[in-house]
Structures are given as C-alpha cells and as structure tokens.
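Here is a walk through one protein model, taken a piece at a time. Keep the structure open and follow along.

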Amino acid sequence: MRIDLATSPGSPERPNEDWVSVALPASGQGGTVVALDGVTPPSGDAGCVHGVPWFTARLGGALVELSGSRRDLTLREVLAEAIRRTADAHRDTCDLSHVRTPQATVVLARWGGPEGEVEYLVLSDSTLLLRSPDGTVSAVLDDRLDRLPREALRTHASADALRNAEGGFFTAAADPAVALRAVAGSVPRERVSAVVALTDGASRWVDMFGAGDWAKCVALLREEGAQGLIDRVRELEAEAGARTAAIRWKLHDDASAVFAEL
C-alpha cells in the first residue's frame, strides 16, 4: 500500500483550515481516509470562541477514531456521532445555533471491513476519486453548491440563507442530522485500486483551471505526489492572477490532497 498526502495554506497570514489524515490498522488490513475543508467565515462574530482550525481538528480526530474503531457504524452514523462529539466539546462556551458556527466539508472513505467493500461519504464541495484496476476514475461529488445560481451566493447574507438549509447546501457544523444529507455509498473492494481525497483548493487543477480531467489528476498524483499537484495549482493561480479571485472569490485557497493506492 502506498499513502501520500500534503496540505498547504492559501495564505501564510492565515492558519490552514484544512485537515487530512489516513489511518491504517495494526493488522495491515483496511484503512480510513479523512479530508476536511474548514469553511472560512467572513469577519465578525461567528458565535464560537475557538475558530475553524480547532473545529476541523476536533471533527477530524473523531472521524478517524470512529471510522476505525466502530465498524458496526455506517459512515453516515460515524459522521453524525463525530459531529455530536465535537458540538458537545464547545456547547457550553459557544453559540452553536449561529449560522456561521465553525463548519467543514467532509470526504470520508473506509475499506477492509467484513463485507469487502470500499465505503465512501462526501458532504459539500470536496472531491473523492475512486480509481479502478483498469485505470478508470470515478468522481464522487456533492454538487448542490455548484447547482445554485451564482447570484444567490453573491453576498454573505444570501449565502447564509442557503447554508444548511433546504434547497441550499450542507456542511458538517453542529447538527448531526446533516449526515443524512451526505452523498454516501460503497463499491466492491476489487473494483478500487486507489482512493483520492481533494479539498476544493486542490481540485482547482481540474474544476477551475481545466488542466486535465479526473483520470489525469490521479495520474499526476501517482507520478508527482500530493505536493506535486498542489504545486501545479499554485503555478496556475499565479498565472491567472486577479482573474482567479473573480472566479471563486479567493486567489489562493487552502489545498489538500490524499492519495491512497490500495
């Protein structure tokens, strides 16, 4: 098994709000991939004294522990319990009802269980890629945010009205019930040769800049590694300059990639 992961902040002036991890059991059978992209709130009160990096570290740690130790739970149940644990950790100090309470996108994959499957879960606009032994790459996407009219997301107030709301988009925040909104499923283990998780700062190579398709993205990861993909994205951002900000609001975003060849 080959594992490679990297993460890079969008700006040296801000903490990296992404969180990524791979866990392998001592038996050598199976594993778990977790990738979170913390949602950067606009300046002002968000109801929490801790901040997004604290939240993603708490949620990510719970996801790794639960997905590895509780094989009896589905990944939706794992996510729900991880959100519940994280919320309980700051319920007494923070206003968890605030629409901008710390939150994150989620990619979660697990393999090696008795059913012989690769389970997956995606919530919001991070990406999971599954490569088959013949080289075919399938993308698992939660595209609800992309399907919203850009005008509906133009202001903080309009985006807040659609955040974790019916007809809008969903992220992992303080309500465990959001796990039911995740895109989840499974495929037979023999149909998967590699698992890739990308936050949207890394998936820009495909979905913003069009430098290649998902299959070429996986090939790049195999050849140049996770940091190589992120370096390619940074080069494209530098070439695009201010035009990038007009496309997705940020010239540079936190970028994380995980490549697990099973």
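## A strand tucked inside

Look at S3 first, in what is a predicted model. Gly31, Val33, Ala35 and Asp37 point one way from this strand, while Thr32, Val34, Leu36 and Gly38 point the other way, and all of them are buried. How many of the residues of strand S3 are buried? Eight of the eight, across residues 31-38, so the strand is largely enclosed by the rest of the structure.

S3 has a partner on either hand. Strand S2 (residues 18-23) is joined to S3 by six bridges, and the two run antiparallel; here Ala23 has Thr32 as its bridge partner. Strand S4 (residues 104-111) also pairs with S3 in the antiparallel sense, this time over eight bridges, and Leu36 is matched with Val106.

## The sheet around S3

Now step back to the sheet that S3 belongs to. Five strands make up this open sheet, in the order S2-S3-S4-S5-S8, and the pairing is antiparallel. S2 and strand S8 (183-188) are the edge strands, each pairing on one side only. On average, neighbouring strands are turned by 5° against each other, direction ignored.

At the S8 end, strand S5 (residues 117-123) is joined to S8 by six bridges, again running antiparallel. Glu119 finds its bridge partner in Ser186 of S8. As for helices, H1 (residues 52-69) lies across S2, S3 and S4, and runs at about 160° to S3.

## A second sheet

There's another open sheet of five strands to find, with the order S1-S10-S9-S6-S7 and antiparallel pairing. Its edge strands are S1 and strand S7 (137-141), each of which pairs on one side only. Going from one strand to the next, the twist averages 10°.

Within this sheet, five bridges tie strand S6 (residues 127-131) to strand S9 (residues 194-198), and these run antiparallel. One pair to pick out is Leu129 with its bridge partner Val196 in S9. Two helices pack on the sheet: H5 touches S6, S9 and strand S10 (255-261), with its direction at about 80° to that of S10, and H6 touches S1, S6, S7, S9 and S10, with its direction at about 35° to that of S1.

## How H5 and H6 meet

Those two helices also pack on each other. Helix H5 (residues 200-207) and helix H6 (residues 214-240) meet at an angle of about 105°, with 9 Å between their axes. H5 and H6 are therefore roughly perpendicular to each other.

On the H5 side, the contact is made by Gly201, Ala202, Ser203, Arg204, Trp205, Val206 and Asp207; H6 brings in Trp214, Lys216, Cys217, Leu220, Leu229, Arg232, Val233, Leu236 and Glu237. Sorted by type, the residues of this contact come out as nine nonpolar, two polar and five charged.

## Asp4 on an edge strand

One last residue to click on is Asp4, which sits in strand S1 (residues 2-8). Is Asp4 buried, exposed or partly exposed? Its relative accessibility is 23%, so Asp4 counts as partly exposed.

Leaving out residues up to four places away in sequence, Asp4 touches Gly225, Ala226, Gln227, Ala257, Val258 and Phe259. The Asp4 side chain reaches the backbone nitrogen of Ala226 at 2.5 Å. Asp4 and Leu221 lie 217 residues apart in sequence, yet their C-alpha atoms are 8.6 Å apart in space.

Note on methods:
Residues numbered from 1 in each chain as written. Predicted model: local features only at pLDDT ≥ 70, side-chain atom pairs only at ≥ 80, totals over all residues. Heavy atoms only, no water. Buried < 20%, exposed > 50% of the residue type's maximum accessible area, 1.4 Å probe, protein only. Helix = DSSP H or I, 4+ residues; strand = E, 2+ residues; numbered from the N terminus. Pairing = 2+ DSSP bridges. Contact = heavy atoms within 4.5 Å. Polar contact = N/O pair within 3.5 Å; in protein donor to acceptor, adjacent residues only side chain to side chain. Axes fitted to C-alpha atoms, helices over the stretch in contact; angles between N-to-C directions. Parallel < 35°, antiparallel > 145°, perpendicular 65-115°, else oblique. Nonpolar A, V, L, I, M, F, W, Y, C, P; charged D, E, K, R; others polar.
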